Amino acid sequence: MLRYFLSIALFTACSILLAQNVRNNPNSNHGNKFEQLGTILPDPNSYRTASGAPGNQYWQMRADYKIDVKLDEPNTKIYGSEWITYYNNSPDKLNYLWLQLDENEHDPKVPSNYSSGESKTAEKITENDLESLDNRPGLEGYGVNIESVLNESGQKLPYLINQTMMRIDLPKELLPGKKVKFFVKWNYKIPDRLAIGGRGGLEYFPEDGNHLFTISQWYPRMCVYSDFQGWQNKQFTGRAEFALAFGNFEVHITVPSDHIIAATGECKNYNQVLTPAQKQRWEKAQSSKEVVEIVTLDEAAKAEKNKSTNTKTWIYKAENVRDFAWGSSRKFIWDAMPVDIEGHKTMCMSYYAKEAYNLWRKFSTKTVAHTIKTYSKYTIPYPYPVAISVEASNGMEYPMICFNFGRTEKDGTYAEGTKNGMLGVIIHEVGHNFFPMIINSDERQWTWMDEGINTFVQFLTQEEFDNNYPTDRGTANRITDYMRLPKSQLEPIMTNSENLVQFGQNAYAKTAAGLNILRETILGRELFDHAFKEYARRWAFRHPTPADFFRTMEDASGVDLDWFWRAWFYDIEPCDLSLDSVHVKITNVKTPMIKKDYFMQSPQITESLTKLRNRLSGMQFLVDRDTSLRDFYYYYNQKDSSRRVLYNPVPAPPELQKGGDSTYLYELHFTNKGGMVMPVILRWNYTDGTYEDERISVQIWRKNEQEITKTFIRNKEVQSIILDPFKETADIDPGNNTWNVKETPSRFELFKTQKENRRHRGGNGPNPMQKEKKPKA
């Protein structure tokens, strides 16, 4: 028997080595990039199918919580207790349970926060680095204090704390199909997150002596136990986020009586915690078509001055969520409006202090509504009763609630960059309700599955908000600076979160750009949108892995994408296709040609392909449907027409739709200088002032991945040729993408142009709103 297993192991090892050799054979000039992923992906099974769908024996755990928590504002502490009911839906017997204690990341005795340190030589140490070398000073007293862990009968359960994880040893095995109920009591000191970091904590306002609390990752939470890795109990270092089980929550939150609370779920006792006037406004908001202030600016200003010593308890319930977070402050202004998504009403709400009023009152809640409507279009209908955005000088997401930034200057004005940053972070964090709060991937392992996919749908949502929104992530041309970095500074997207050096560019931006290339260039919108929606439908309220995503996208689109997953997600080679030479032959023999559509040549393309297609499709953007979202900058920017030069394809007149009396053969030679294969996209500019675009499948590289030669037949004389005219393939060197084309502006000239445009953003000195005597609000 031993010999049999050894032979099987040897055969498997040899097969893997052989497969790797085929994929990476340096002596082969083809096949590597088009090989199937094969052994790279895990084998399908009864839990996860080869099509990417959950299998007929798919299972996942469930954890229900009943929590009582008290906020001690004078001492900035949290005191909590919880009953957890854990359901073993797996086929396995469990001897112990693992819980997460994320607040232990602030405990100076816990070494798990290794990602915050960067290896530096003494010569490169800055003044800001000195404190971090002193064993994390100022953190004494932080971290979770576990007071007791009891079973349902009140007897003590043995437990062990390992940094940010706690193991509870069960007195007997938890059998498949059974549940266990246990009690945990704890407390911790709330960190000042602006001073010492962290996802949740407090912000202190010295001007009025008040706090704004964002309480997240605050209770002992169950780790995920899954079919593909067992317990996910990798330590929380402050970077890679979370893996959590779905369940139901009932949370009783006791705070000072003048505080207003924003939280996951629905409040069940507004009658006891709101004033009659506030309750009346809440009822009005249920059917309002405009945003209604529930707690007004004046009420919040008065509360700031008179700090109550009494308390109130707010009761919240949330069903089928993976987490629970809340915010609390007497500074909160609160507004709300409903949105209908396929017959289901969701209350969109915002909570913010007076320091953000002129931005948030106008934009936040309507941006929340726009976000869940747009995401619902591309994924599944938003299922929850509320969606909340809280202004808290950061960006962090939880089910039904997120914490964002965006404050005005003291005079109430703001720079355009501040507004756009606020809109972007609200869309991004509200969008996280879908990825990963509903499509519940393992963030601790694969950051791109929530941050990258979410950044992609954020891009689509921003584009539908305003076609002139200055997108910084999502288009292919915005990722080229990263792609051209030295290989020593790059990692594949499929890299563990803790190992990423260029974290934002890799997990967020490169993933988003790749999905946009899939949608606009490789699959097309119809195929992509159907497959993407199918992935969301299949894995809503489940735990998908990368293989489930890759397989579903191929299964639902009917397109083999293994070459793309290999290139974009598993490799670091950039796209750099080069048009090296063009040879022309002419004959006076007129050849019958396929009818083509020619267009008149126009100004240089400055829009992304997404912006262009959205505009030409007649899409109505939110700022056009709701003109109340047009602020000072909307009108201010219209003064500068140079920023709004738009490309519009104009069909050539009938006399130019015909060819000439000669036939031209154009032999084009391309080389793949970067390594990544991509479709060949050409613009043919003709001497009669017309042009045509041609798209050649990536399969042209299948027989030779280094170079190709292709001959094209034309009945017009070509003036110039542009490879990748819409900059849609993330080609890192556009300098080798043209034939007989006037040289583009130098890098210095482009920089000057961009610098002039940035002056309109109000980035340096007084913002344009301050310069105008009577700005339009």
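Two strands count as a pair if DSSP finds at least two bridges between them. Keep that in mind as you work through these exercises on a predicted model.

## Exercise 1: Get your bearings

Work out how many helices and strands the protein chain has, and what share of its residues is buried.

*Solution.*
- Step 1: Start with the secondary structure, which comes to 19 helices and 32 strands.
- Step 2: Now turn to burial. Of the 777 residues in the protein chain, 55% are buried.
- Step 3: Finish with the contacts. Take those with a separation of 6 or more: 77% of them are between residues 24 or more positions apart.

## Exercise 2: A sheet of three strands

Find the order of the strands in the open sheet of three strands, and say which strands sit at its edges.

*Solution.*
- Step 1: Read the order, 24-27-30, and note that the pairing is antiparallel.
- Step 2: Look for strands that pair on one side only. These are strand 24 (577-587) and strand 30 (707-714), so they are the edge strands by the pairing rule.
- Step 3: Check the angle between neighbours. On average, neighbouring strands here are turned by 20° against each other, direction ignored.
- Step 4: Zoom in on strand 24 and strand 27 (residues 663-672). They are joined by 10 bridges, and Val582 stands opposite Leu668 in strand 27.

What holds such strands together in general? Strands of a sheet pair through backbone hydrogen bonds, either parallel or antiparallel.

## Exercise 3: A sheet with helices across it

Trace the open sheet of six strands and find the helices that lie across its strands.

*Solution.*
- Step 1: The order is 16-19-20-21-23-22, and this time the pairing is mixed.
- Step 2: The edges are strand 16 (292-295) and strand 22 (396-398), each pairing on one side only.
- Step 3: From one strand to the next, the twist averages 20°.
- Step 4: Look at one pair up close. Strand 16 and strand 19 (residues 333-341) run antiparallel and share three bridges, with Val295 opposite Trp334 in strand 19.
- Step 5: Add the helices. Helix 5 (residues 297-305) lies across strand 16 and strand 19, at about 20° to strand 16. Helix 7 (residues 416-431) lies across strand 21 (386-391), strand 22 and strand 23 (401-404), at about 155° to strand 23.

## Exercise 4: Partners of strand 17, and a cysteine

Find which residues of strand 17 are the bridge partners of Val255 and Cys267, then decide whether Cys267 is buried or exposed.

*Solution.*
- Step 1: Strand 13 (residues 247-256) joins strand 17 (residues 311-321) through nine bridges, running antiparallel. Here Val255 has Lys312 as its partner.
- Step 2: Strand 15 (residues 266-267) also pairs with strand 17 in the antiparallel sense, over two bridges. Here Cys267 has Tyr316 as its partner.
- Step 3: The relative accessible area of Cys267 is 12%, and the cut-off for buried is under 20%, so Cys267 is buried. Cys223, at 0%, counts as buried too.
- Step 4: How many disulfides are there? The count comes to zero.

## Exercise 5: Rings and charges

Decide whether the ring pair of Tyr352 and Trp360 is stacked, edge-to-face or tilted.

*Solution.*
- Step 1: The structure holds 59 aromatic pairs. In the one we want, the ring centres of Tyr352 and Trp360 are 6.0 Å apart and the planes are at 40°.
- Step 2: Stacked needs planes under 30 degrees apart and edge-to-face needs over 60, so this pair is tilted.
- Step 3: Check burial for both: Tyr352 is at 0% relative accessibility and counts as buried, and Trp360 is at 0% and counts as buried.
- Step 4: Now look for a cluster. One aromatic cluster includes Trp448, Tyr535, Phe549 and Trp568.
- Step 5: Look for charges over rings. The charged end of Arg62 sits over the ring of Tyr87, 4.4 Å from its centre, while Arg221 lies over the face of Phe242, at 4.8 Å from the ring centre.

## Exercise 6: One loop residue

Locate Tyr58 and list what it is in contact with beyond its neighbours within four places in sequence.

*Solution.*
- Step 1: Tyr58 is in the loop between helix 1 (2-23) and strand 1 (62-72).
- Step 2: Its relative accessible area is 16%, so Tyr58 is buried.
- Step 3: Its contacts are Ser46, Tyr47, Arg48, Asp227, Trp539, Arg542 and His543, leaving aside neighbours within four places.
- Step 4: Pick out Asp227. Tyr58 and Asp227 are 169 residues apart along the chain, yet 8.3 Å separates their C-alpha atoms.

How values were computed:
Residues are numbered from 1 along each chain as its sequence is written. This is a predicted model: local features need pLDDT of at least 70, side-chain atom pairs count only at pLDDT 80 or more; totals for chains, interfaces and linings use all residues. Side-chain values use heavy atoms; hydrogens and water are left out. Axes are lines fitted to C-alpha atoms, for helices over the stretch in contact, and angles run from 0 to 180 degrees between N-to-C directions. A disulfide is a pair of cysteine sulfur atoms within 2.5 Å. Buried means under 20% relative accessible area, exposed over 50%, partly exposed in between (1.4 Å probe, protein chains only). Rings of Phe, Tyr and Trp (its six-membered ring) pair if their centres lie within 6.5 Å; planes under 30 degrees apart count as stacked, over 60 as edge-to-face and the rest as tilted. A charge sits over a ring if NZ of Lys or CZ of Arg is within 6 Å of the ring centre and within 35 degrees of the ring normal. Contact means heavy atoms within 4.5 Å.
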